[in-house]
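Hi,

Here is the structure I said I would pass on. Have a look at it first, and my notes follow underneath.

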Amino acid sequence: MSAALESLLDLLDLEQIEQDIFRGMSRSAVVPRVFGGQVAAQALVAAGRTVPEDRGAHSLHAYFLRPGDPGAPIVYSVDRIRDGRSFTTRRVVAVQHGKPIFHLSASFQVHEEGMDHQAVMPPAPDPETLPTAAEMLPRYAHRFTDPSMADRLLEARAAVDLRYVDAPPFATAGEPREPRSQVWFRTHGKLADDPLVHVCMATYVSDMTLLDSVLLAHGRGGWSVGDVVGASLDHAMWFHRPFRADEWLLYDQESPSASGGRGLGQARIWTADGKLAITVIQEGLVRVPRD
């Protein structure tokens with residue numbers, strides 16, 4: 001296991017300070033606020049810690065309410081909404097400086113057999129044939145507004161091996177493309193067998209690139225290039241089938257719409273052997289800066 005992955009797992013391992021109340025820390029992100037994937041993953045950890053082990057997460061719905069302060073702890077308060085025979089529902093509110101910054105509802109289910117079908121996995125190249133982030137990002141350092149941005153991106157993603165199938169938005173700024181993006185990802189090291197760990201890790205990664213397809217449609221390079229400003233507004237995930245976040249997963253993303261200063265991204269996450277593991281939908285604030 002890499003040191004970066006070990007550090008990320010420590011970040012997600014919340015401190016329980018009272019029944020159904022947990023505290024998490026943050027670390028600096030590429031933008032001057034708490035990374036949305038971090039607070040979503042920590043909130044799911046808090047919810048999962050209050051659920052029987054035989055119930056796995058099958059969906060989450062969340063809203064980002066205020067920018068998080070990376071220099072202050074985050075308190076997660078869990079409300080036990082329902083404990084049924086098959087389903088368990090939890091609501092989590094993340095608070096900083098006395099104000100809610102994030103709200104999550106999550107549902108957990110006992111495993112059961114049932115009807116089974118899925119869409120067909122789209123074509124994608126072998127991830128091992130694609131350049132790593134360390135090989136790819138320095139090529140575009142001249143495009144970033146901050147000369148240190150390539151190093152900061154590498155540090156922020158050091159726990160995850162994330163490989164773009166096609167050029168990322170910051171590589172083709174000024175050239176509108178089809179609003180679709182693919183990345184392969186897996187953690188830099190093996191994880192424990194606890195399914196909650198893998199679900200939370202996928203939740204963490206899911207916020208990294210989902211709005212890329214919105215940017216591609218308009219030839220925008222993104223926050224690191226400085227030709228848009230934005231933030232995640234809401235986030236929803238459905239966990240369909242078992243998967244491991246330490247094995248290759250294909251994140252197939254597209255944007256069906258952008259309007260009113262908001263862009264919508266939707267995606268499917270597939271295992272390398274073609275199983276549909278997760279569906280993700282996110283809307284984000286995406287604004288063109290005023291001169």
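**What I found**

A159 counts as buried, because its relative accessibility is just 4%. Before I go on, please keep in mind that this is a predicted model. You will find A159 in the loop between α4 (149-156) and β7 (160-164). It also has M1 for company: the two are 158 residues apart in sequence, yet their C-alpha atoms are 9.2 Å apart in space.

For contrast, try E254, which sits in strand β10 (residues 249-259). With a relative accessible area of 37%, E254 is partly exposed. Its C-alpha is 27 Å from that of L196, with the two positions 58 residues apart in sequence terms.

**The pocket**

How much space lies in the largest pocket? The figure is about 1,300 Å³. The lining of this pocket is made up of 33 residues, and those nearest its centre are G56, A57, H111, F239 and H240. Four elements give two or more residues to that lining: β3 (55-64), β6 (99-110), α5 (195-206) and β9 (229-239). Sorted by class, the lining has 14 nonpolar residues, 10 charged ones and 9 polar ones.

**Two helices**

Let me start with α5, since it has already come up as part of the pocket lining. This helix is mostly covered, with 9 of its 12 residues buried. The buried ones are H198, V199, C200, M201, A202, T203, Y204, V205 and S206. At the N-terminal end, D194 acts as the cap: one of its side-chain oxygens lies 3.0 Å from the backbone nitrogen of L196. The length of α5 works out too, because 12 residues at 1.5 Å each should span 16 Å and the end C-alpha atoms are 17 Å apart, which agrees.

Helix α2 (residues 36-48) passes the same kind of check: its 13 residues should span 18 Å at 1.5 Å a residue, and the end C-alpha atoms are indeed 18 Å apart. Is α2 buried or exposed? Here 13 of the 13 residues are buried, so the helix is largely enclosed by the rest of the structure. One residue of α2 to click on is Q42. Q42 is buried, at a relative accessible area of 0%. Its side chain reaches the backbone oxygen of M25 at 3.0 Å.

**Strands that pair**

Strand β12 (residues 276-287) is a good one to follow, as it pairs with β9 and also with β11. With β9 it runs antiparallel, joined by 10 bridges. With strand β11 (residues 262-271) the sense is again antiparallel, over 9 bridges. Which residues stand opposite Q282 of β12? H235 does, and so does G265. β11 and β12 form a hairpin with 4 residues between the strands, where G274 takes a positive phi near 95°.

There is another hairpin towards the start of the chain, made by β1 and β2 with 2 residues between them. Strand β1 (residues 15-18) and strand β2 (residues 21-24) pair in the antiparallel sense over 3 bridges. E18 has I21 of β2 as its bridge partner.

**Two backbone angles to look at**

Most residues other than glycine have a negative phi. D20 goes the other way: its phi is near 65°, a positive value in a residue that is not glycine. D20 lies in the loop between β1 and β2, and at 12% relative accessibility it counts as buried, because the cut-off for that is under 20%.

H97 is also not a glycine, and its phi is positive at about 50°. It is found in the loop between β5 (87-96) and β6. Is H97 buried or exposed? At 59% relative accessibility H97 counts as exposed, given that the line for that is drawn at over 50%.

If you open the model with these notes beside you, the pocket might be a handy place to begin, with G56, A57, H111, F239 and H240 nearest its centre.

Cheers

How values were computed: Residues are numbered from 1 along each chain as its sequence is written. This is a predicted model: local features need pLDDT of at least 70, side-chain atom pairs count only at pLDDT 80 or more; totals for chains, interfaces and linings use all residues. Side-chain values use heavy atoms; hydrogens and water are left out. On a 1 Å grid over the protein atoms alone, a cavity is a set of points where a 1.4 Å probe fits but cannot get out, and a pocket is an open set with protein on both sides within 12 Å along at least five of seven lines; lining residues have an atom within 4 Å of a point. Grid points are joined across faces, edges and corners, and a volume is the space filled by probe spheres set on the points. Ala, Val, Leu, Ile, Met, Phe, Trp, Tyr, Cys and Pro count as nonpolar, Asp, Glu, Lys and Arg as charged, and the others, Gly among them, as polar. The expected span of a helix is 1.5 Å times one less than its number of residues. Buried means under 20% relative accessible area, exposed over 50%, partly exposed in between (1.4 Å probe, protein chains only). A polar contact is a pair of N or O atoms within 3.5 Å; within protein, one must be able to donate a hydrogen and the other to accept it, and residues adjacent in sequence count only if both atoms are side-chain atoms. Two strands pair if DSSP finds at least two bridges between them.
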